[in-house]
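Please look through the sequence and the model below, and then follow the paragraphs as they move from the sheets to the nonpolar cores and the ligand.

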Amino acid sequence: ARLAYSAEQISVPVCSSLQVPALQLHVSKTAMRASQKDFESALSQVKLLKDPGNEVKLKLYALYKQATEGPCNTPKPGVFDLINKAKWDAWNALGSLPKETARQNYVDLVSGLSSSSDSSSQVKPEADRKQPGYETLVVTSEDSITKIMMNRPAKKNAMTTQMYNEIMLALKAASKDDSAITVLTGNGDYYSSGNDLSNFTDIPPEGIEEKAKSGAILLRDFVDCFIDFPKPLIAVVNGPAVGISVTILGLFDTVYASNRATFHTPFSHLGQSPEGCSSYTFPKIMGPAKAAEMLIFGKKLTAAEACAQGLVTEVFPDSTFQKEVWTRLKAYSKLPPNAMRISKQVIRNREKEKLHAINAEESRVLQERWLSDECTNAVMNFLTRKAKL
Ligand SMILES: CCCCC/C=C/CC(=O)SCCNC(=O)CCNC(=O)[C@H](O)C(C)(C)COP(=O)(O)OP(=O)(O)OC[C@H]1O[C@@H](n2cnc3c(N)ncnc32)[C@H](O)[C@@H]1OP(=O)(O)O
């Protein structure tokens, strides 16, 4: 049965006080232009929806604020004010998007949510489907799809040691569960900002060399899990992607991206070198010249550019991204699972040995880079707030 979608009922554990202002019936006069009727009807419709989850609620919040107030110009909330900061980030990420476009995107998003909730009114709330035991991820299995969602939105899904370990665990479990396909995605406005640079600060008593050594082992094990993953693996790139979250895309079978996504591997800027087998997969996918621009010079690609260069399978408008992608994935997940697995093996197996060797070599080189002054200075500059990408 449908849940009435009232302000009280949208309380959820992660953002318990997140209230979508669209639920308020007040609409400022500035919003009442081209699609006024549609917008008003979307505002009413949203109250009838099942809880769409925090990620979507943040999008609704941001679009509503942009549509009614224009670009975000309020001060950024403090570090510990997680909920208001998440809301502020979502609104601020819309930049100078015109009010009318925001209004249209709001209407499109609500319409997408209404039709998907119509077709899945029996779906259990996400909290019920969530697999326990993960702190940095939300892992769910439904419709023969295991979804692994990186869940540190306030840190742009930066990957901590714990997150690397949990992703490995989740992939191992997904390889054995009864799902047909597996998806990696991010919660919030980023897909992932790559390696959490504070990983470099936790130096053990044995010293920095030991830290670099254990980091290289973790990196190699992590990437090996992607090389060996036996089922179709799909990246649903919901926003900007940085560093290792980009490089491993070369090991996925399909990459769907929102048109808000960007792809950035600033290794030289960070005094580091390519990993995730990208030194091999990127030149193979996009040719050596384009790969060099990304991996040596840190050129950031838009989603459209990444698609033109073969790293991304297809790009979708952000306003309909989730609806279009999940509709497609649900259809794919109904294909015979063994046939899909075997096709993947036929496509990928002959490269596996080579990829493992490349991964080992990249990890070895990176272990040395982590001890360099160039890397130490770049990480310190970020951590002391002197530099950002
Ligand atoms: C086992 C080890 C394996 C290692 C494998 C190696 C991989 C290589 C890489 O992945 S290289 C890529 C490393 N990533 C970066 O250099 C990104 C650094 N982050 C940024 O430049 C920016 O944060 C941003 C451009 C991603 C986003 O900027 P924006 O202004 O939109 O947001 P904030 O900077 O305010 O970020 C919000 C909070 O998130 C924290 N954060 C973001 N990314 C990281 C990160 N990679 N590591 C650690 N922390 C990160 C940021 O500090 C903010 O935290 P705060 O709210 O507490 O201030």
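Which residue in β7 is the bridge partner of Val-242? The bridge partner of Val-242 in β7 is His-264. Before going further, note that this is a predicted model, in which local features need pLDDT of at least 70 and side-chain atom pairs count only at pLDDT 80 or more, while totals for chains, interfaces and linings use all residues. Residues are numbered from 1 along each chain as its sequence is written.

The pair Val-242 and His-264 belongs to the parallel pairing of β5 with strand β7 (residues 262-264), which extends over two bridges; strands here are DSSP runs of E with at least two residues, and helices are runs of H or I with at least four, both numbered from the N terminus, and two strands pair if DSSP finds at least two bridges between them. These strands lie in an open sheet of three, ordered β5-β7-β8, with mixed pairing. Because β5 (241-242) and β8 (301-302) stand at the edges and each has a single partner strand, one side of each is left without a neighbour in the sheet.

A further open sheet has six strands in the order β1-β2-β3-β4-β6-β9, again with mixed pairing. Here the edges are β1 (137-142) and β9 (314-316), each with a single partner strand, so one side of each has no neighbour in the sheet. Strand β1 runs antiparallel to strand β2 (residues 145-150), to which six bridges join it, and within this pairing Thr-140 stands opposite Lys-147.

The largest nonpolar core (a set of buried Ala, Val, Leu, Ile, Met, Phe, Trp, Tyr and Cys residues joined through C-beta atoms within 7 Å, where buried means that 20 or more other C-beta atoms lie within 10 Å of a residue's own, C-beta atoms being placed from the backbone) has 73 residues, of which Ile-234, Val-237, Val-255 and Ala-257 touch the most other members. Helix α6 (residues 161-176) supplies the largest share of this core, six residues. Apart from it lies another core, of 23 residues, including Val-46 and Ala-62.

Around the ligand there are 24 residues (those with a C-beta atom, placed from the backbone, within 6 Å of it), and Ala-158, Ser-193, Gly-194, Asn-195 and Gly-243 come nearest. Helix α7 (residues 208-228) gives the most to this shell, with three residues. The shell divides into eleven nonpolar, eight polar and five charged residues, with Ala, Val, Leu, Ile, Met, Phe, Trp, Tyr, Cys and Pro counted as nonpolar, Asp, Glu, Lys and Arg as charged, and the others, Gly among them, as polar.

Notes
Buried ≥ 20, exposed ≤ 12 C-beta atoms within 10 Å, placed from the backbone.
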